[in-house]
Amino acid sequence: MDRVLHIVSSWGTGGVERYIYNYSKYLNKYSFDVLTLRESSNKSIFASDKIRVYHLLEAKGNYLKRINMRKKLLIDFLKKNKYNIVHFDATTADAFILAKAIKKNFSCKIVMHCHATSIEPPNIFLKTILHKFSKIFYSKYADYYIGLSEDTIRWMFPQKSKIDKTVLNCGVEIEKFKFNEDIRNQIRKKLNITNKYVVGTVGRFSKQKNPFFMLDIIEECIKMEENFTFLWIGDGEYFNKIREIAKNRKIDKHIYFLGVCENIEEYYSVLDLFILPSLYEGNPIACLEAQTNGLKCIISDEITKTANITGSVRFLGIENPKEWATEIMKLKNDCNHVSYLEKISARGYSVKDNTEKLEKIYDRLEN
């Protein structure tokens, strides 16, 4: 079985990790090695016999020092570990700088896979300049382009490039995420939320996911509905800070901070509604999973409209938490889980189908 190297920023519990893990289970000809660009302190739940994870040493200093150190460390790693295909999972075009270093030293093929549509703070201005510069002058140092959506492809790759490109969805294990009423009742009883209106989200406690705005939404919802309960699944840098603020505002008794859940698919069945007020996303896998479960969703209008696969997604601006709370309450009595399995499969969001597409891309690059 040939090994493909995935290069990622870190390896923890996010959407990129989940997609790599899901794809690894259905690959026939390939298995994955993962190389993180910095040491990861998070323990990942995505462990598999088909995935080996390596970490580069932390690069320090200004941007030029960090990128030069990463190039050196990456080249040293690839001298010791041979691959025919290197697959970048990136959010900005400066990843092409590392791709160029690989191309100058090795004969492997490079896949550049974009997972975002905007710059993450801080230093947005400088990062934007670097992104645009790299997109113009370094994007030729790849053999295939992949995006989570048409929006990510436009964001990452020159439109006039002759390099082949395709949209490849993260995909979901459809049967695994379908609604289960028995599980719903069991967990609700365990958490003592049987008669509550339960809204929730899944994602890292990071700036991207807009957790402080999420708290504002929750606070407004509690003012409107005393039986309101929020399930918050995930961890990250702001986890403890958010819990502290919730306690200070005296709204923590309405929130279950569940951390990282290995049985995440079960908790979608517990919810009545899913929300995601992110500052930016590519095509969020959590929203796909929620729709697969049959949930209605309210998400940020900064997220690509292609996230609305089933017609059950509403988009709102991220300026007014009271507006979100009002919309959440409007849906209180319209929260039946609808089966969207056939629609999601027909739209090409099965992880099995997308794994087959990825294998064909790898086969083409190797031949």
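In this predicted model, the buried residues of helix α7 are Pro 211, Phe 213, Met 214, Leu 215, Ile 217, Ile 218, Glu 220, Cys 221 and Ile 222. They pack against strands β8 (197-202), β9 (228-233), β10 (255-259) and β11, and against helices α8 (239-248) and α11 (321-330). Helix α7 itself covers residues 211-224, 14 residues in total, and its first and last C-alpha atoms are 20 Å apart, close to the 20 Å expected at 1.5 Å a residue.

Helix α1 (residues 15-26) can be treated in the same way. Its twelve residues should span 16 Å at 1.5 Å a residue, and the end C-alpha atoms are 17 Å apart, which agrees. Buried in α1 are Glu 17, Arg 18, Tyr 19, Ile 20, Tyr 21, Asn 22, Tyr 23 and Ser 24.

**Strand pairing**

Strand β11 (residues 273-276) and strand β12 (residues 297-300) run parallel and are joined by three bridges. Phe 274 has Cys 297 as its bridge partner in β12. Between these two strands the chain passes through helix α10 (residues 285-292), and the resulting β-α-β crossover is right-handed. Strand β12 also pairs with strand β13 (residues 313-316), again in the parallel sense, over four bridges. Here the partner of Cys 297 is Val 313 in β13.

**Nonpolar cores**

In soluble globular proteins, nonpolar side chains tend to be buried together. The largest nonpolar core of this model has 38 residues, of which Phe 88, Phe 96, Ile 102, Met 112 and Met 156 touch the most other members. At least two residues of this core come from each of β1 (2-8), α2, β4 (85-90), α3 (95-105), β5 (109-114) and α5 (150-156). Helix α3 gives the largest share, seven residues.

Met 156 shows what surrounds one of these members. Beyond its neighbours within four places in sequence, Met 156 is in contact with Ala 90, Thr 91, Thr 92, Ala 93, Phe 96, Met 112, Cys 114, His 131 and Lys 135. A second, separate core has 34 residues, among them Ile 174, Ile 264, Ala 307 and Leu 341.

Ile 264 is located in helix α9 (residues 264-270). Its relative accessible area is 11%, so Ile 264 counts as buried. Leaving out residues up to four places away in sequence, Ile 264 touches Arg 18, Phe 177, Val 202 and Ile 233. Arg 18 is also one of the buried residues of α1. The C-alpha atom of Ile 264 is 37 Å from that of Pro 158, a residue 106 positions away along the chain.

Another buried isoleucine, Ile 75, belongs to helix α2 (residues 63-80) and has a relative accessible area of 15%. With neighbours within four places in sequence left aside, the contacts of Ile 75 are Ala 101, Asn 105 and Phe 106. Leu 98 is 23 residues from Ile 75 along the chain, and their C-alpha atoms are separated by 9.4 Å.

**Cysteines**

How many disulfides does the model contain? The count is zero. Cys 170 is in no disulfide, and the nearest cysteine sulfur, in Cys 114, is 11 Å away. Cys 170 is buried, with a relative accessible area of 10%.

Why is Cys 287 not bonded to Cys 297? The two sulfurs are 4.3 Å apart, whereas a disulfide requires sulfur atoms within 2.5 Å; the pair is therefore too far apart for a bond. Cys 287 counts as buried, at 1% relative accessibility. Its neighbour in this comparison, Cys 297, is the residue of β12 that bridges to Phe 274.

**Positive phi**

Most residues other than glycine have a negative phi. Two residues that depart from this pattern are tabulated below, with their loop positions and relative accessible areas.

| Residue | Phi | Loop | Relative accessible area |
|---|---|---|---|
| Asn 192 | about 60° | between α6 (181-191) and β8 | 62% |
| Lys 250 | near 60° | between α8 and β10 | 65% |

Are these two residues buried or exposed? Asn 192 is exposed, and Lys 250 also counts as exposed. Of the elements that flank these loops, β8, α8 and β10 are among those against which the buried residues of α7 pack.

Notes. Residues numbered from 1 in each chain as written. Predicted model: local features only at pLDDT ≥ 70, side-chain atom pairs only at ≥ 80, totals over all residues. Heavy atoms only, no water. Pairing = 2+ DSSP bridges. Right-handed = clockwise from strand over helix to strand, strands pointing away. Buried < 20%, exposed > 50% of the residue type's maximum accessible area, 1.4 Å probe, protein only. Contact = heavy atoms within 4.5 Å. Expected span 1.5 Å × (residues − 1). Core = buried A, V, L, I, M, F, W, Y, C linked by side-chain atoms within 4.5 Å.
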